[in-house]
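Me: I should like to learn how helix packing and internal cavities are read from a set of coordinates. Please give the general idea before each case.

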Amino acid sequence: MEYVRLGKSGMKVSRICLGCMSYGVPERGTHPWSLDEAASRPFIKQALDAGINFFDTANVYSDGTSEEIVGRALKEFARRDEIVLATKVHGPMRKDPNGRGLSRKAVLTEIDASLRRLGTDYVDLYQIHRWDYETPIEETLEALHDVVKAGKARYIGASSMYAWQFCKALYVADLHGWTRFVSMQNHYNLLYREEEREMSGLCAAEGIGVIPWSPLARGKLARPWQEGASTERAATDEFGKTLYAKTQDADRLVVDRVGEVAVARGVPQSQVALAWLLQKSVVTSPIVGATKPQHLDDAVAALAVKLSPDEVAKLEEPYTPHPVLGFA
C-alpha cells in the first residue's frame, strides 16, 4: 500500500479509501442493497489487511447504522490512532426542521451523534456532505472550527459543490482565521469529468486533497457495457439512476475503450479505470466501495497499473460534455 498526505495537511492516508456506504442495516434508510453487519465486517478486515487506513462513511448512510457497524468493526480490528476515520454531515437525520443541513445547531448536534454511533472521541476528517443554500457559509465554517477546537475532529473536508462555492468557503475561512478544508470529495471518474473544468484546478492551486466518490461510475466502468440494471444495487439505487441516464450513448464509447485497454493488458476493467484516476496528480485517494472480495483486490492491484500516455489518450478521447450532476 502507498500512503500520501491528504492535501497540504500532515495526515497521511492510503491511496485507496474504503467507502462504507454499502454497509448498514438494509431496512434502514434508502439503501436496501446494503450489507448487514455480519456481511460487512469481512470487508473492513480485508481492507485493513491490505494496508488501507482510510475509511469513509456518513451519518445518513442507512440511517446511521453504517457508522455503528464501521465503528464496532474498526474498534475490534484496528488501533484507533492508526486509522483515518471520516464521516459527513448535511443530510436529513430527523423529520424536525433542524434535523438536517449545516446550521450551527445541526453541525454541533450531528457531530456528537456521529461520535456516539462510531464509538470514538473524535473523527479524523469531518466533511460537509453538500452545500447548504439555507445557511450562511460563515455560520457553518465557524461551527466546524469549533468542532475542531473542541477536539471532536482533526480536519474538515467538503463534498460535491460548485467551484465558486468551495472557493468562497476557503476565502471566508482564511479571512476569519478559521479551520480550512483540506479535502474535496467529488464525483469524478472516466464517465464524469466535469470536475476537470474548474474544481480540479482550484484544488491543485490550493493544496486540497481530492478523494473522488463513485470512481467506477456505480460499476459501469468495471464491466462490459450492459443495458439496464445489472445488479440489485443498480435496480434500487435511486440516486445512482440520476447520474448517467442522459449520457448513455457517449458513456458506452468510454466503457468500450476501458475494455479494450483491459483486454490488451490482461487485467480487469476496474483496474484500468482506477489506474486512470490514480494517475491524475490532483487525486489523493479514490473512495472504493466493496461488496465482493475481488473489489478490494482489484482496487489495490490498480496501484501497480501505470498507463502509458497513449492509453490515457485512448481512454479520454470519446468523452463528451455532461450535465452537472451529483450536487444535490
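Reply: Axes are lines fitted to C-alpha atoms, for helices over the stretch in contact, and angles run from 0 to 180 degrees between N-to-C directions. Please bear in mind that this is a predicted model. With that convention, helix 9 (residues 248–265) and helix 12 (residues 309–316) pack at an angle of about 150°, and their axes are 8 Å apart.

Me: Which term describes the orientation of helix 9 to helix 12?

Reply: Angles over 145 degrees count as roughly antiparallel. Helix 9 is therefore roughly antiparallel to helix 12. On the helix 9 side, the contact is made by Val254, Arg257, Val258, Glu260, Val261 and Arg265, while helix 12 contributes Glu311, Lys314 and Leu315. Sorted by class, this contact has 4 nonpolar and 5 charged residues, with no polar ones.

Me: At what angle do helix 1 and helix 2 pack?

Reply: Helix 1 (residues 37–49) packs against helix 2 (residues 65–77) at about 50°, with the axes 10 Å apart. This angle makes helix 1 oblique to helix 2. The two helices form a right-handed crossing.

Me: Which residues of helix 1 and helix 2 meet?

Reply: From helix 1 come Glu37, Ser40, Arg41, Ile44, Lys45 and Leu48; they meet Ile69, Val70, Arg72, Ala73, Leu74, Glu76 and Phe77 of helix 2. The contact of helix 1 with helix 2 comprises 7 nonpolar, 1 polar and 5 charged residues.

Me: How should the pair formed by helix 4 and helix 5 be read, and at what angle do the axes cross?

Reply: The axes of helix 4 (residues 137–149) and helix 5 (residues 163–176) cross at roughly 60° and come within 10 Å. Helix 4 and helix 5 are therefore oblique to each other, and helix 4 passes helix 5 in a right-handed crossing. Ile137, Glu138 and Leu141 of helix 4 meet Lys168, Ala169, Val172, Ala173 and His176 of helix 5. By class, that contact has 5 nonpolar, 1 polar and 2 charged residues.

Me: Let us turn to empty space. How many cavities of 30 Å³ or more does a search of the whole structure find?

Reply: Rolling a probe the size of a water molecule over the atoms shows where empty space is left. The search of the whole structure finds 1 cavity of 30 Å³ or more. The largest cavity holds about 40 Å³ of space.

Me: Which residues line the largest cavity?

Reply: Its lining consists of Leu102, Ile128, Trp131, Asp132, Thr135, Pro136, Ile137 and Thr140. These lining residues divide into 5 nonpolar, 2 polar and 1 charged. Ile137 thus appears in the lining of the largest cavity and also in the contact of helix 4 with helix 5.

Methods:
Residues are numbered from 1 along each chain as its sequence is written. This is a predicted model: local features need pLDDT of at least 70, side-chain atom pairs count only at pLDDT 80 or more; totals for chains, interfaces and linings use all residues. Side-chain values use heavy atoms; hydrogens and water are left out. Helices (H or I, at least four residues) and strands (E, at least two) are DSSP runs, numbered from the N terminus. Angles under 35 degrees count as roughly parallel, over 145 as roughly antiparallel, 65 to 115 as roughly perpendicular and the rest as oblique. A crossing is left-handed if the near helix is turned anticlockwise from the far one by less than a right angle, and right-handed if clockwise. Contact means heavy atoms within 4.5 Å. Ala, Val, Leu, Ile, Met, Phe, Trp, Tyr, Cys and Pro count as nonpolar, Asp, Glu, Lys and Arg as charged, and the others, Gly among them, as polar. On a 1 Å grid over the protein atoms alone, a cavity is a set of points where a 1.4 Å probe fits but cannot get out, and a pocket is an open set with protein on both sides within 12 Å along at least five of seven lines; lining residues have an atom within 4 Å of a point. Grid points are joined across faces, edges and corners, and a volume is the space filled by probe spheres set on the points.
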